[in-house]
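Could you walk me through this structure, one region at a time? I would like to know how some of its strands pair, where one serine sits, and what lines the largest pocket.

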Amino acid sequence: MKKVLALILCAVMLLASIPVMSFAAETTIKENEKLIIKNGETYTVKSGDTLYVANKGALIVEEGGKLVVNGDIITYSGSDVYIEGTLVGAKNISGSGDVVVQVRFDQLSKYVTTDGAVTVSYAFADTVSGDVNKEIPYEALDASKEDAVYVPLNSYLFVKAEIGKEEEATLGHNKYDDSLFNVYMNGAVVTFGDGNHYVQLTTAADITYDTWKGYNNYLTTFPVYLPSGEGYTVYNKTGEKDTVKVKYGTPISFYVEIDEDYDMSQYEVYIYNGYGWTGLDTSTLLGKLDPAQPDEYGYYHIPAVVGDTTVYVVGVMENETITMLGDVMTMIKNIFEMFASLFAEFFAMLGFGTATTVA
């Protein structure tokens with residue numbers, strides 16, 4: 001009897017030492033069934049578990065509801081998944097069913113009270129690629145209304161929030177910096193690039209905007225290049241050099257400081273549209289411009305900066321070089337005058353003229 005009990009005890013101990021095997025749970029939303037996650041509810045697909053959505057089945061996350069996918073959701077053709085609330089774990093949803101998220105655009109006029117100050121349009125694409133971005137059609141948002149659309153999960157939303165669009169069209173250049181007017185998705189700032197605010201949609205989205213601060217707070221800042229070169233440096237009135245950032249419409253004054261060993265130079269100063277180009281062919285671009293003229297104190301003035309601007313200084317040379325060139329020119333002049341005198345005497349001897357002595 002004791003031997004039997006010992007064998008039973010050994011068997012129990014052996015079974016207890018074997019790791020417990022866990023099995024993943026599988027759940028299916030069947031045909032014509034709906035799983036609805038309502039406002040305030042949270043539904044979690046646990047890690048290792050799988051939720052299937054069959055043909056004609058539907059999974060709906062209402063606004064205010066939350067779906068957390070730590071495991072997997074697999075959708076079959078003909079099934080529908082509507083995300084109107086919060087989705088966590090979008091990458092874990094796959095299959096051939098239709099999975100869409102709702103994008104809600106808040107009423108723009110609640111943020112921007114000035115008529116026409118900001119116009120908003122939006123578009124969607126499968127990729128963030130700039131080429132696709134340029135080809136997709138944009139839909140204008142009615143500033144006085146809220147709007148909502150459904151788009152495929154993981155697609156990209158592009159929002160153009162354009163400040164003073166009509167004014168800029170009349171001016172023909174960018175007066176306002178659209179990147180300064182923020183667009184938000186679910187309270188977080190949306191990335192700006194290439195003229196758009198853009199974000200990948202991995203959950204439902206509430207799109208809101210900055211509160212309008214007035215036109216002057218959105219003026220574009222342009223770079224003005226004040227160069228330095230051999231024998232000279234360009235400064236603005238406050239002593240800045242190289243690149244100076246200036247807001248649209250702001251005047252700027254600058255002067256050219258010539259080094260002592262270059263102060264015999266007869267230089268010219270040009271101001272042209274564009275930033276940072278050097279070594280220009282003066283017979284082309286600069287050849288079409290008149291040199292800028294300084295005031296009585298030596299300052300040059302740009303009345304209003306309206307774009308990228310560069311100052312270009314031409315003709316600064318070392319005094320030693322100028323002196324040497326002057327000597328060479330004097331020598332050439334003397335040689336020319338000598339030959340002119342010789343030829344005059346030669347022709348006079350032949351009776352074609354009168355010899356002239358050049359002083």
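Here is a short tour of a few regions in this model, which is predicted.

Let us begin with a sheet of three strands. The strands follow the order β3-β6-β9, the sheet is open, and the pairing is parallel. Its edges are formed by β3 (42–45) and β9 (86–88), each of which pairs on one side only. Ignoring direction, neighbouring strands here are turned against each other by 10° on average. If you look at β6 (residues 66–69), you will find three bridges that join it to β9, with the two strands running parallel. To place yourself along this pair, find Val68, which stands opposite Val88 in β9. As you look at the side chains, it helps to remember that in a regular strand they alternate between the two faces of the sheet.

Next, please turn to Ser155. This residue belongs to the loop between β14 (147–152) and β15 (156–163). Is Ser155 buried or exposed? Ser155 counts as buried because its relative accessibility is 5%, and the cut-off for buried is under 20%. What surrounds it in the model? A polar atom of the Ser155 side chain lies 2.7 Å from the backbone oxygen of Pro152. Beyond the neighbours within four places in sequence, Ser155 is in contact with Ala125, Val199, Gln200 and Leu201.

From the loop we can move on to the largest pocket. The volume of this pocket is about 220 Å³, and 17 residues line it. If you would like to find its centre, look for Leu108, Val118, Thr119, Val120 and Ala143, the lining residues that lie nearest to it. Which elements give two or more residues to the lining? They are β12 (118–125) and β15. The largest share comes from β12, which provides four residues. You have already met β15, as the strand on one side of the loop that holds Ser155.

Our last stop is further along the chain, at strand β25 (residues 252–258). This strand pairs with β23 (residues 232–236) in the antiparallel sense, over five bridges. One position to look at is Asn236, whose bridge partner in β25 is Phe254. Strand β25 also pairs with β27 (residues 300–302), again in the antiparallel sense, over three bridges. Here Ser253 has His301 in β27 as its bridge partner. The pairings of β25 described here are antiparallel, whereas the pairing in the β3-β6-β9 sheet is parallel.

How values were computed. Residues are numbered from 1 along each chain as its sequence is written. This is a predicted model: local features need pLDDT of at least 70, side-chain atom pairs count only at pLDDT 80 or more; totals for chains, interfaces and linings use all residues. Side-chain values use heavy atoms; hydrogens and water are left out. Two strands pair if DSSP finds at least two bridges between them. Axes are lines fitted to C-alpha atoms, for helices over the stretch in contact, and angles run from 0 to 180 degrees between N-to-C directions. Buried means under 20% relative accessible area, exposed over 50%, partly exposed in between (1.4 Å probe, protein chains only). A polar contact is a pair of N or O atoms within 3.5 Å; within protein, one must be able to donate a hydrogen and the other to accept it, and residues adjacent in sequence count only if both atoms are side-chain atoms. Contact means heavy atoms within 4.5 Å. On a 1 Å grid over the protein atoms alone, a cavity is a set of points where a 1.4 Å probe fits but cannot get out, and a pocket is an open set with protein on both sides within 12 Å along at least five of seven lines; lining residues have an atom within 4 Å of a point. Grid points are joined across faces, edges and corners, and a volume is the space filled by probe spheres set on the points.
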